[in-house]
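Biologist: I've got a few "how do you know" questions about this one. Mind if I go through them with the structure open?

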Amino acid sequence: MKSLMHLPNILRLALITLFALAVVGCAAMHQAQQPAPAPEVAASQPVESAPPPPTPEPAAPVEVALALPLSGPYGVIASKISQGGEAGRNTLQQRGQVVNLHIIDTDKPDWLQQLQQLPDSVKIVGGPLRPDRFANVVQSGLNKKLAFFTFLQDLGNAAEGRDAWRFFSSPYDQMRTLLQMARKEFSIYNVGVLYPEEPFGKRIVQLFLEEAKKEGINVSAMQSYPPEDPLRWSEIVAALLYSNKEAPIDAVFLPDVWSKAEMLVPYIFYHQREDLIIMGSTLWGQTLTKERNVDIHNFRLSIFPATWWSEGNTMAARELRKAYPNEEPNFWEVLGFDFVRFATRMNSLPAAWTPEQVNQHIRSAQNLEWSMAPISWSDTGIAKQDMFLFTPSNGGMRPADMQDMRQRRQAVKARLQY
């Protein structure tokens, strides 16, 4: 470019013009060789990612209380209930429901004061477990402030569904379950009762008679036996079986413990009535849940009720077993587990509740997936439990197979006719 400075101005201008035109031409050729640009699109505004959904606020904590005799003679049972309650609380918390569980020892001198000082948000109490402690509650008037769901078979002189509620089976439940089974599954309307000569036996017989009347079943024979005099049992069993020829029995209720049943039932076979349906009590299960070597030869037509089966297949039962990985939960732990889950569903109960409001809230709360046999309440707050039915097995107990028992019974009756 320095040499251009010596040329005349006119010539210098011409050369610069030619150079510029060449540059422009090259650029044009280069542009022509490039692919056509995509149509220009108006620049869009930056797209902001949608805000994440708001994190749901955790459910407000639910307050539940248990009133149990933890340090006295009932301490072992009470501890099982409280442990089950804690397992129920933990299960709910895994689902996002915070539960504050208050556990009060009713064997402590100030237990009533502790109940009185519970937060106002506590409305539901599980317990007491002892009748005398429940009587203390009623006397103190605390049952007007707190809704007590007792672990008792009955409430004594208190009005169930008004003064307090039950979260427990009654003797009527096992009898109703057995009697309905006899009528619906085997068309049995005449039954007998073989009971021990002691206050327990006499009380059970009276309750059985009441429930049988409700179910339209005739108790056509009854006999008592001296528990400590087995030499008389054979003649007593014979009298039971053949005392009413006009209405012979097709089933017999044995309310005594399993060990007594093992001694009594062979006499029924000896007197050639092995076609009878033998109805046992919940006491049988207390032994058979632990027994692993049972002689069932005389018990193939035997049925008894129970409130819990460790191999139950509901989701709640599986969750409970998961909470006890190293042991098999028993009934008392099941009771605490289901109670805390039930009480949580009663949380919307108003502070100044009435018995009618409690009964109304129960109607929805009872639609719980139970781990034990389900409890239901009438519109007036009367509880009943629809028990499971079992039969003795070589390994202890198993759910009763009604179809198999009907077929077996028909075969036995056909054989006895020859």
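Biologist: Which residues does Thr106 touch, not counting residues up to four places away in sequence?

Modeller: Keep in mind that this is a predicted model. In it, Thr106 touches Ala67, Leu68, Pro69, Trp111 and Arg133. Contact here takes heavy atoms within 4.5 Å. As for its place, Thr106 is in the loop between β2 (97-105) and α3 (111-116).

Biologist: What makes you call Thr106 buried?

Modeller: Its relative accessible area is 1%. Buried means under 20%, so Thr106 qualifies.

Biologist: And Val99, why is that called buried?

Modeller: By the cut-off again: Val99 has a relative accessible area of 2%, and the limit is under 20%, so buried is the right word for Val99. Val99 is found in strand β2.

Biologist: What is Val99 in contact with, leaving aside its neighbours within four places in sequence?

Modeller: Val62, Val64, Arg89, Leu92, Gln93, Val340 and Thr344. If you want a distance to check on screen, the C-alpha atoms of Val99 and Glu86 are separated by 9.5 Å, and these two are 13 residues apart along the chain.

Biologist: On to α13. How do you know that its span agrees with what a helix should give?

Modeller: Helix α13 covers residues 402-416, which is 15 residues. The expected span is 1.5 Å times one less than the number of residues, so α13 should span 21 Å, and its end C-alpha atoms are indeed 21 Å apart.

Biologist: Which residues of α13 are buried, then?

Modeller: Met402, Met405, Arg409 and Val412. They cover an arc of only 85 degrees around the axis, so they sit on the same side of α13.

Biologist: What do those buried residues pack against?

Modeller: They pack against α5 (171-186), β9 (277-280), β10 (302-306) and β13 (388-393).

Biologist: What makes the start of α13 a place with a polar contact?

Modeller: A side-chain oxygen of Asp401 comes to within 3.3 Å of the backbone nitrogen of Gln403. The limit for such an N or O pair is 3.5 Å, so the pair counts as a polar contact.

Biologist: Last one, for the whole chain: how many helices and strands are there, and what share of residues is buried?

Modeller: There are 13 helices and 14 strands. Of the 418 residues, 47% count as buried. The chain exposes about 22,300 Å², with carbon and sulfur atoms supplying 54% of it.

Notes
Residues are numbered from 1 along each chain as its sequence is written. This is a predicted model: local features need pLDDT of at least 70, side-chain atom pairs count only at pLDDT 80 or more; totals for chains, interfaces and linings use all residues. Side-chain values use heavy atoms; hydrogens and water are left out. Helices (H or I, at least four residues) and strands (E, at least two) are DSSP runs, numbered from the N terminus. Buried means under 20% relative accessible area, exposed over 50%, partly exposed in between (1.4 Å probe, protein chains only). The arc is that of the directions from the helix axis to the C-beta atoms. A polar contact is a pair of N or O atoms within 3.5 Å; within protein, one must be able to donate a hydrogen and the other to accept it, and residues adjacent in sequence count only if both atoms are side-chain atoms. Accessible areas come from the Shrake-Rupley method with a 1.4 Å probe; for residues, only the protein chains shown count as cover.
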